[in-house]
Amino acid sequence: KKKGPKTEGPRLPYFKYYTANKTEIRVGRRSEDNDEVSTNPQHGDGADWWMHASGCPGSHVVIRCHDETLSKDVIMDAASLAARQSKCQGSTIKVSLTRWRDVKKPRGAKPGLVTLTGRVRTISVHMKEAEKRLKRLDATIVKN
């Protein structure tokens, strides 16, 4: 009997979650994977949305949606995932939201480090309020 993890196809650099309206959210697994999620056109494109907890290490989150405006629920779902998958401490965590095309990898930067060049919105996530939302999202996770 073969041992080890069972994978179907190549390992993806992210986990997939789905919102109530079936919008796909991709969450980077680790810093090297964050570079892939945030800069490789295979995993996102310019019109997608991008999120990350402000001021501390954490997963890069991509919302696979090209709409000009996102619903509050989709934003809060993705922001909650970004906040939880960060090393930020506290009851309220600030999360940056911008377009995927506005995320740039500086030459020679360490894995996971990016700069934001466009308009950035800040979303506040109250972790206590996010618990129910995160439980619902965890039921939709697709790992590869």
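What follows covers a helix pair, two pockets and the salt bridges of this structure. The model is predicted.

Take the helices to begin with. Helix 2, spanning residues 72-84, and helix 3, spanning residues 127-138, have axes that come within 9 Å and cross at roughly 100 degrees. With 65 to 115 degrees counting as roughly perpendicular, that crossing makes helix 2 roughly perpendicular to helix 3. On the helix 2 side, the contact is made by Asp 73, Met 76, Asp 77, Ser 80, Leu 81, Ala 83 and Arg 84. Helix 3 answers with Met 127, Ala 130, Arg 133, Leu 134, Arg 136, Leu 137 and Asp 138. Sorted by class, the residues of this contact come out as seven nonpolar, six charged and one polar.

On to the empty space. The largest pocket has a volume of about 320 Å³, and 18 residues line it. Nearest its centre lie His 52, Cys 56, Pro 57, Gly 112 and Leu 113. Two elements give two or more residues to this lining, namely helix 1 (31-39) and strand 3 (49-53). Strand 3 has the largest share, at three residues. As for chemistry, the lining of the largest pocket splits into nine polar, eight nonpolar and one charged residue.

The second largest pocket holds about 230 Å³ of space. Its lining is made up of Trp 49, Glu 68, Thr 69, Leu 70, Ile 75, Leu 97, Thr 98, Arg 99, Arg 101, Asp 102, Arg 119 and Arg 121. Here strand 5 (residues 92-99) gives the most, again with three residues. By class, six of the lining residues of the second largest pocket are charged, four nonpolar and two polar. So much for charge in the two linings: one charged residue in the largest pocket, six in the second largest.

Charged pairs round things off. The count of salt bridges comes to 11. One of them joins Arg 11 to Asp 33, with the closest N and O atoms 2.7 Å apart. Arg 11 sits in the segment before strand 1 (14-18) and Asp 33 in helix 1, so this pair ties together parts of the chain that are 22 residues apart in sequence. Helix 1 thus turns up twice, as the home of Asp 33 and as a contributor to the lining of the largest pocket.

Conventions
Residues numbered from 1 in each chain as written. Predicted model: local features only at pLDDT ≥ 70, side-chain atom pairs only at ≥ 80, totals over all residues. Heavy atoms only, no water. Axes fitted to C-alpha atoms, helices over the stretch in contact; angles between N-to-C directions. Helix = DSSP H or I, 4+ residues; strand = E, 2+ residues; numbered from the N terminus. Parallel < 35°, antiparallel > 145°, perpendicular 65-115°, else oblique. Contact = heavy atoms within 4.5 Å. Nonpolar A, V, L, I, M, F, W, Y, C, P; charged D, E, K, R; others polar. 1 Å grid on protein atoms, 1.4 Å probe; cavity = no way out; pocket = protein on both sides within 12 Å on 5 of 7 lines; lining within 4 Å. Points joined across faces, edges and corners; volume = space filled by probe spheres on them. Salt bridge = Lys/Arg side-chain N within 4 Å of Asp/Glu carboxyl O.
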